[in-house]
Amino acid sequence: MKSKVIVSIFALSLLCFPIHGQQQIGSGPLDLSFGSGGRVNTSFGVGIPGYASAVIIQPDGKILTAGVAGISSALARYNVDGSLDSSFGSDGRVTNRFFGYGAGASSVLLQPDGKIVTGGYAYLDGSTGVFALARYNSDGSPDSSFGVEGRANTGFGSRGAGVSSLGLLPDGKIVAAGGRSGDYGSGGSDFALARYNKDGSLDTSFGIEGKLTTDFFGGQDGAGAVIIQPDGKIVAIGSATLESKPVLAAVRYNANGSLDSRFGSNGKFTSDFLGRGAEASAGILQPDGKMLLAGISRTQAAIYNYDFGLMRLNPDGGLDSTFGDGGKVSIDFFGYDDWAISVALQRNGKIVLCGVVSVEMFRGNFRIARLNNNGTVDASFGDAGSVILDFSNSGAQGIAIQADGKIVVAGGKKLDVTDIDFALARFDSSRPLIESASVSGKRLIISGTGFEEDAKILVNDKEQKTINNRQNPATGLVGKKAGKKLRVGDKIRVFNSDGALSPEFTFSG
């Protein structure tokens with residue numbers, strides 16, 4: 001089964017390959033107001049390995065992560081400054097052992113009522129894995145109105161199944177997508193989905209008694225992400241196996257779980273990317289209905305030699321020819337072996353990827369990259385479009401964008417053979433900075449760095465009519481009539497289209 005569950009487990013242990021070339025490993029544009037120097041580590045106990053698989057931002061700005069701690073599903077919630085939120089669980093942390101044989105969370109979502117749902121895997125015994133969902137109240141306590149004592153588990157009649165991604169329908173029903181392995185001796189694995197009512201019971205109007213599986217070519221298949229479209233249709237994204245080669249795969253279902261024949265080829269889409277194979281770990285829906293699929297593209301036929309891979313599909317499942325090279329982007333920044341595990345979209349349309357990069361044999365680090373909306377690398381981000389962050393043999397698993405445009409990534413930090421902590425980092429590279437301000441007639445002239453095309457000048461928090469300097473749009477702004485009533489001591493800020501807000505600049509005359 002190829003799914004984000006499997007990706008998450010291996011990304012922190014052996015998703016580290018031989019490297020080619022040299023690059024300085026640095027901190028990048030870290031937000032120094034977050035944690036310690038832009039980073040946060042969270043332990044769930046000495047000798048208990050843990051890592052975060054997913055991260056989301058709550059409406060109040062708190063940061064919620066989900067993952068694994070030892071043999072338990074685990075959550076941690078942080079305040080805006082990166083400190084643990086003591087009002088959540090036990091000093092900011094919650095663990096859930098399910099059946100006691102091993103469990104983990106790979107996805108987390110927040111319901112409109114503030115309740116928290118996690119999805120992942122749990123073992124009923126030493127060998128049988130099941131879809132495992134849990135719902136918590138906003139304080140981290142189990143929600144007893146969901147399933148049995150806050151838990152719901154679903155088997156697929158196989159030796160292994162796990163949730164990679166969760167989606168929330170407008171009516172409050174929950175879709176879980178992942179993979180299920182074939183029974184012993186049967187070989188192969190399939191996409192697996194289940195849909196749940198609000199109370200955690202299976203929705204029998206979906207698939208067969210609330211469950212369905214989808215096979216592509218009879219090999220190893222698994223979904224790494226699920227997308228809920230506005231019309232209620234469901235898109236599952238992952239990988240399949242064609243003639244011993246992994247290929248990126250996507251399938252769209254109607255509301256009842258039947259294949260949507262208007263998507264791709266009879267409901268399915270596959271691509272070997274550059275002819276050597278590809279896999280998808282994540283996917284998101286753009287506001288225009290197009291879908292971004294992120295994972296790896298293989299640069300050689302060998303098992304290793306990976307690059308970040310990104311593909312964009314039109315709503316009908318066809319490749320978007322306006323994106324990258326015929327809808328595809330393969331990113332080899334510095335010759336390393338990379339795996340994109342999560343993807344997010346900023347408000348200005350820029351695409352942010354996070355994943356793993358190897359820096360030496362059996363040692364990896366976070367990699368964060370940013371692309372423009374057309375698929376070209378955004379060279380203004382980090383070092384030529386990407387940042388490698390040393391967390392001591394680690395990998396970035398989840399990514400989320402704050403309302404102010406800051407980027408939060410989550411994964412793990414390896415301390416020794418047995419100790420791995422939740423690890424978070426926050427980046428503030430897109431934040432504009434005002435260096436000087438002057439008045440020319442009625443015009444306010446702003447100089448600085450990081451101004452987006454649709455940036456606005458705020459004077460005492462009031463938006464001004466603003467245009468970019470034609471010669472230097474990223475470093476110069478003009479407030480058309482903003483200088484007319486400007487006074488010494490007035491506060492000036494710049495607000496970018498992606499939500500990033502500059503520090504206050506005091507006008508001195």
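1. Lys233, Arg252, Asp260 and Arg262 are linked in a network of salt bridges, and this is a reasonable place to begin reading the structure, with the reminder that the model is a predicted one. Across the whole structure, a search finds 20 salt bridges, and some of the individual pairs are taken up in the points below.

2. One such pair is formed by Asp320 and Lys290, whose side chains meet in a salt bridge with an N to O distance of 3.1 Å. Asp320 sits in the loop between β20 (306-313) and β21 (328-331), while Lys290 sits in the loop between β18 (278-285) and β19 (291-298), so this pair ties together parts of the chain that are 30 residues apart in sequence. Both partners are buried, Asp320 as well as Lys290.

3. A further salt bridge joins the side chains of Asp378 and Arg370, at 2.7 Å from N to O. Here too the charged residues are placed away from the surface in the sense of the burial criterion, since Asp378 and Arg370 are each classed as buried.

4. Asp85 deserves a closer reading, for its side chain meets that of Arg77 in a salt bridge (2.8 Å, N to O), and its side chain also makes a polar contact with the side chain of Lys62 (3.1 Å). Asp85 and Arg77 are both buried. Lys62, which is found in the loop between β2 (50-57) and β3 (63-69), has a relative accessible area of 19%, and it counts as buried because that value falls under the 20% limit.

5. The surroundings of Lys62 can be listed in some detail: leaving aside residues up to four places away in sequence, Lys62 touches Ile56, Ile57, Arg77, Tyr78, Asn79, Val80, Asp85 and Ser87. The two partners of the salt bridge described above, Arg77 and Asp85, are therefore both among the residues that touch Lys62, contact being taken as heavy atoms within 4.5 Å.

6. Turning to the interior, the largest nonpolar core has 18 residues, of which Val175, Phe191, Leu193, Ile234, Ala236 and Tyr253 touch the most other members. The elements that contribute two or more residues to this core are β11 (174-181), β12 (189-196), β14 (222-228), β15 (234-242) and β16 (245-253), and the largest share, four residues, comes from β16. As background, nonpolar side chains in soluble globular proteins tend to be buried together.

7. Leu193 can serve as an example from this core, since, not counting residues up to four places away in sequence, Leu193 touches Phe131, Phe156, Val175, Ala176, Ala177, Phe206, Gly210, Lys211, Leu212, Ile234, Ala236 and Tyr253.

8. On the surface, by contrast, Phe99, Tyr101, Tyr123 and Leu124 form a nonpolar patch with about 370 Å² of accessible area together. Tyr123 lies in strand β7 (residues 116-123), and its relative accessible area of 31% makes it partly exposed, because this value lies between the limits of 20% and 50%.

9. For the chain as a whole, the secondary structure comes to one helix and 36 strands, and 57% of the 509 residues count as buried. Among contacts between residues at least 6 apart in sequence, 54% join residues at least 24 apart. The protein chain exposes about 19,600 Å², with carbon and sulfur atoms supplying 50% of this area.

Conventions
Residues are numbered from 1 along each chain as its sequence is written. This is a predicted model: local features need pLDDT of at least 70, side-chain atom pairs count only at pLDDT 80 or more; totals for chains, interfaces and linings use all residues. Side-chain values use heavy atoms; hydrogens and water are left out. Buried means under 20% relative accessible area, exposed over 50%, partly exposed in between (1.4 Å probe, protein chains only). A polar contact is a pair of N or O atoms within 3.5 Å; within protein, one must be able to donate a hydrogen and the other to accept it, and residues adjacent in sequence count only if both atoms are side-chain atoms. Patches are made of residues with over 30% relative accessible area and no salt bridge: like charges are joined within 9 Å, nonpolar side chains (Val, Leu, Ile, Met, Phe, Trp, Tyr) within 5 Å. Accessible areas come from the Shrake-Rupley method with a 1.4 Å probe; for residues, only the protein chains shown count as cover. A salt bridge is a side-chain nitrogen of Lys or Arg within 4 Å of a carboxyl oxygen of Asp or Glu. A nonpolar core is a set of buried Ala, Val, Leu, Ile, Met, Phe, Trp, Tyr and Cys residues joined through side-chain atoms within 4.5 Å.
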